[in-house]
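Student: I would like a close look at one part of this model. Please take me through the sheet and what surrounds it.

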Amino acid sequence: MTSSQSEQLLPPGFDYYPKVMSLSKSILLYDYLCRQLNWQQPSIQVYGKHHLIPRMQCFIADRDVSYSYSKQMLDNTPWPEPLLAMRQRLRQTYGYQFNALLANWYRNGQDKMGWHSDDEAELGTEPCIVSISLGATRKFKIKHKATQQQYEIMLQSGSCLIMHGDSQRDYQHSLPVQAKVSSGRINLTFRTVGQQSTKAYSSAHK
Ligand SMILES: O=C(O)CCC(=O)C(=O)O
Ligand SMILES: [Fe+2]
């Protein structure tokens, strides 16, 4: 991986690598995943009303994985070969199992994800989440929970954002609407659910 060029713009616990794969490979993978994954659009209840979530999702995981976030909403899909290969490389680089992957498909700039932290108990206290972006460039926002200070980064196709350390405890993140974006983006978030990680993420892996 190349060095984290935008690091100084991001708070601690967020590392951005703009080019972990070529643009052409990232677009091929985007097209493949659009066609091949078992995309679903679950509905959630907000103040007693049901709403379809504003994006498509697919939860890919090893058979024994049970993740509270996905449990009621999404089927558990087995790993397609290209994502198994990607996981293998991430395991070697970061030393985490990455036994689950939540894939998000934002079909255009109207699709979005609201403010949240990925802080479910089964991700552990300092989870390492590896987030790969494919397709349209989208804005990613980060907000400190106590100070409300905000950060922004444009996530481009073929990039990797790593969230580790106290990033989930101290910050929320979101993917806002961008009305002018007409093409789609897929985001792959590799996670380790319900296991102690075998090795803590360290900046030595950059
Ligand atoms: O689409 C993104 O970059 C963010 C996805 C995300 O935050 C999540 O899946 O928890
Ligand atoms: Fe998230």
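In what order do the 7 strands of the open sheet stand?

Tutor: Some ground rules come before the sheet. This is a predicted model, so local features need pLDDT of at least 70, side-chain atom pairs count only at pLDDT 80 or more, and totals for chains, interfaces and linings use all residues. Residues are numbered from 1 along each chain as its sequence is written, while chains are lettered from A and ligands numbered from 1 in the order in which they are written.

Now the sheet. The order is β1-β11-β8-β13-β6-β4-β5. The sheet is open, and its pairing is mixed. Strands here are DSSP runs of E with at least two residues, helices are runs of H or I with at least four, and both are numbered from the N terminus. Two strands pair if DSSP finds at least two bridges between them.

Look at the edges. β1 (14-17) and β5 (76-77) stand there. Each has a single partner strand, so one side of each is left without a neighbour in the sheet.

Next, take one pair. Strands β8 (residues 129-135) and β11 (residues 159-163) run antiparallel, joined by 5 bridges. Val130 has Ile162 in β11 as its bridge partner.

Now turn to ligand 1. The residues around ligand 1 include Leu102, Asn104, His173, Asn187 and Thr189. A residue is near a molecule if its C-beta atom, placed from the backbone, lies within 6 Å of it. Three elements give two or more residues to this shell: β6 (100-106), β12 (171-175) and β13 (185-191). Of these, β6 and β13 also appear in the sheet order. The shell divides into 5 nonpolar, 5 polar and 1 charged. Nonpolar means Ala, Val, Leu, Ile, Met, Phe, Trp, Tyr, Cys and Pro; charged means Asp, Glu, Lys and Arg; the others, Gly among them, are polar.

What does the record add? UniProt, in an unreviewed entry, lists residues 97-194 as "domain: Fe2OG dioxygenase". UniProt positions are given in the numbering used here, feature names are shortened, and annotations may be inferred rather than shown by experiment. In the model, this span is 4% helix and 49% strand. Its end C-alpha atoms lie 10 Å apart.

Last, confidence. pLDDT is the predictor's confidence in each residue, from 0 to 100. The chain's mean is 91, and 91% of its residues reach 70 or more. Over residues 1-7 the pLDDT is below 50. For the complex, the predictor gives an ipTM of 0.99 and a pTM of 0.91.

Note on methods:
Two residues are in contact if their C-beta atoms, placed from the backbone, lie within 7 Å.
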